[in-house]
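User: Please take a close look at one part of this model, the salt bridges and the elements they join. Set that part in the context of the whole chain.

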Amino acid sequence: MAELEQGLLMQPWAWLQLAENSLLAKAYFDKQGYALLVSDLQQVWYEQVDTTVVSQRAKELNKRLTAPPASFLCHLDDLLCLLLKDATHPSKATFSCDRVAEALILRVRSELSGLPFNWHFHCTPASSLLVSQHLVRPLMGMSLALQCHVRELTTLLRMKDLEIQDYRESGAMLSRGRLKTEPFEENSFLEQFMVEKLPEACTVGDGRPFAMNLQSLYVAVTKQEIQVGQKHQGKTQTSSNASPRGTDSQLQKQNQLEHPVSSTPALSEPEHEPMGTSGSIQRLQLSKAKRKKPRGLFN
């Protein structure tokens with residue numbers, strides 16, 4: 001399922017208008033299942049299923065249809081792909097959504113192999129981690145990228161002003177007076193932008209401007225996020241594989257410090273005879289001595 005999560009992260013958001021519901025949605029399908037993320041800018045819902053769930057739900061909703069899960073997934077992918085690319089484009093499928101308690105159910109009606117086909121996407125509230133991965137972090141990355149873009153443009157404008165000034169000092173004249181511009185002043189430009197342009201520029205509305213104008217930047221930022229995560233994961237695995245060797249060498253050094261090897265050879269102790277052998281010899285000698293009769297003084 002990791003492929004589904006990564007594939008969904010790299011998908012752009014699309015704007016949908018289903019009856020009275022304005023939604024942002026993104027989806028990803030493969031042979032293992034699908035992942036769907038939906039938001040109305042107040043809540044976020046999510047569903048991720050595998051082929052087992054696809055087969056079971058298809059049987060419940062389509063009694064007359066019998067097909068492998070891959071066929072249902074391919075058909076759903078085609079239907080949602082058309083919807084997400086152009087919601088105003090006429091389609092053979094009918095989409096609607098209902099809210100049941102905290103869940104969001106997206107209903108699809110179409111045809112498959114000449115027979116009616118129904119499907120329900122059961123989306124439950126997304127976790128805070130998913131919201132961070134798909135909205136918070138990408139939007140922060142986009143803001144930083146746009147800020148860097150503005151700085152680059154500001155630098156370019158200043159260079160253009162220096163170029164124009166050099167032309168003027170060299171005696172160059174404008175052939176059309178209406179093209180004359182004043183040198184760029186960043187502070188005055190920002191003040192004017194805040195007053196005149198900001199109210200219109202930051203109007204989020206139903207999310208349509210974000211989905212229509214910023215998705216190329218969104219996809220670029222999410223791809224960069226994935227690449228950074230993969231590099232970090234590779235470094236973590238490399239360090240974890242190298243750490244046991246380092247630990248062993250440290251333990252060896254510590255043991256050497258605690259138990260140093262002396263350079264002076266140790267003196268060997270004298271060898272002793274086995275206790276059992278010497279004891280038996282002594283007992284034999286005593287027994288022989290007892291057998292001998294003591295000699296008298298006048299014998």
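Analyst: Nine helices and seven strands make up the secondary structure of the chain. The model is a predicted one. Of the 299 residues in the chain, 24% are buried. The chain exposes about 22500 Å², and carbon and sulfur atoms supply 56% of that area. Take the contacts between residues at least 6 apart in sequence: 56% of them join residues at least 24 apart.

Now the salt bridges. The structure holds five. Side chains of opposite charge can pair when their charged atoms come close. Three of the pairs are described here, starting with Glu47 and Arg57.

The side chains of Glu47 and Arg57 meet at 2.9 Å, N to O. Glu47 lies in strand S4, residues 44-50, and Arg57 lies in helix H2. The two are 10 residues apart, and the pair links distant parts of the chain. Glu47 counts as buried because its relative accessibility is 5%, and the cut-off for buried is under 20%. Arg57 is buried too, since its relative accessible area is 12%.

The surroundings of Glu47 lead to strand S3. Ala35 is found in S3, residues 33-39. Glu47 is one of the residues that Ala35 touches, once those up to four places away in sequence are set aside. The others on that list are Leu4, Leu8, Lys26, Ala27, Tyr28, Tyr46 and Gln48. Ala35 has 0% relative accessibility, so Ala35 counts as buried. Gln48 deserves a separate mention. Ala35 and Gln48 are 13 residues apart in sequence, yet their C-alpha atoms are 4.3 Å apart in space.

The Arg57 side of the bridge leads to helix H2. This helix spans residues 51-61 and packs with helix H3, residues 69-85. Their axes are 9 Å apart, and the angle is about 85°. H2 is therefore roughly perpendicular to H3, as the angle falls within 65 to 115 degrees. From H2, the residues Thr51, Val54, Ser55 and Ala58 take part in the contact. They meet Pro69, Phe72 and Leu73 in H3.

Next, Asp98 and Arg107. They form a salt bridge with the closest N and O atoms 2.8 Å apart. Asp98 has a relative accessible area of 34%, so it is partly exposed. Arg107 also counts as partly exposed, because its relative accessibility is 26%.

The strands in this stretch are joined by loops, and each of two loops holds a backbone exception. Ala101 sits in the loop between strand S5 (94-100) and strand S6 (103-112). Ser113 sits in the loop between S6 and strand S7 (115-125). Most residues other than glycine have a negative phi. Ala101 is not a glycine, yet its phi is positive, about 55°. Ser113 likewise has a positive phi, near 60°, and is a residue other than glycine. Ala101 counts as exposed because its relative accessibility is 79%. Ser113 counts as exposed because its value is 71%.

The third pair is Arg137 and Glu225. The closest N and O atoms of this salt bridge are 2.7 Å apart. Arg137 lies in helix H4, residues 128-169, and Glu225 lies in helix H8. This pair also links distant parts of the chain, with the two positions 88 residues apart. Arg137 is partly exposed, since its relative accessibility is 46%. Glu225 is partly exposed as well, since its relative accessible area is 34%.

Helix H8 covers residues 215-258, and Thr222 is found there. Thr222 is buried because its relative accessible area is 1%. Neighbours within four places aside, Thr222 is in contact with Leu9, Met10 and Pro138.

One surface feature completes the view. Met194, Val195 and Leu198 make a nonpolar surface patch of about 280 Å². Val195 has its place in helix H5, residues 186-196. At 63% relative accessibility, above the cut-off of over 50%, Val195 therefore counts as exposed.

To return to the bridges: Glu47 is buried, and so is its partner Arg57. Asp98 is partly exposed, as is Arg107. Arg137 is partly exposed, and Glu225 is too.

Technical notes: Residues numbered from 1 in each chain as written. Predicted model: local features only at pLDDT ≥ 70, side-chain atom pairs only at ≥ 80, totals over all residues. Heavy atoms only, no water. Patch = residues over 30% accessible without salt bridge, like charges linked within 9 Å, V, L, I, M, F, W, Y side chains within 5 Å. Areas by Shrake-Rupley, 256 points an atom, 1.4 Å probe, with all protein chains shown as cover. Salt bridge = Lys/Arg side-chain N within 4 Å of Asp/Glu carboxyl O. Helix = DSSP H or I, 4+ residues; strand = E, 2+ residues; numbered from the N terminus. Buried < 20%, exposed > 50% of the residue type's maximum accessible area, 1.4 Å probe, protein only. Axes fitted to C-alpha atoms, helices over the stretch in contact; angles between N-to-C directions. Parallel < 35°, antiparallel > 145°, perpendicular 65-115°, else oblique. Contact = heavy atoms within 4.5 Å.
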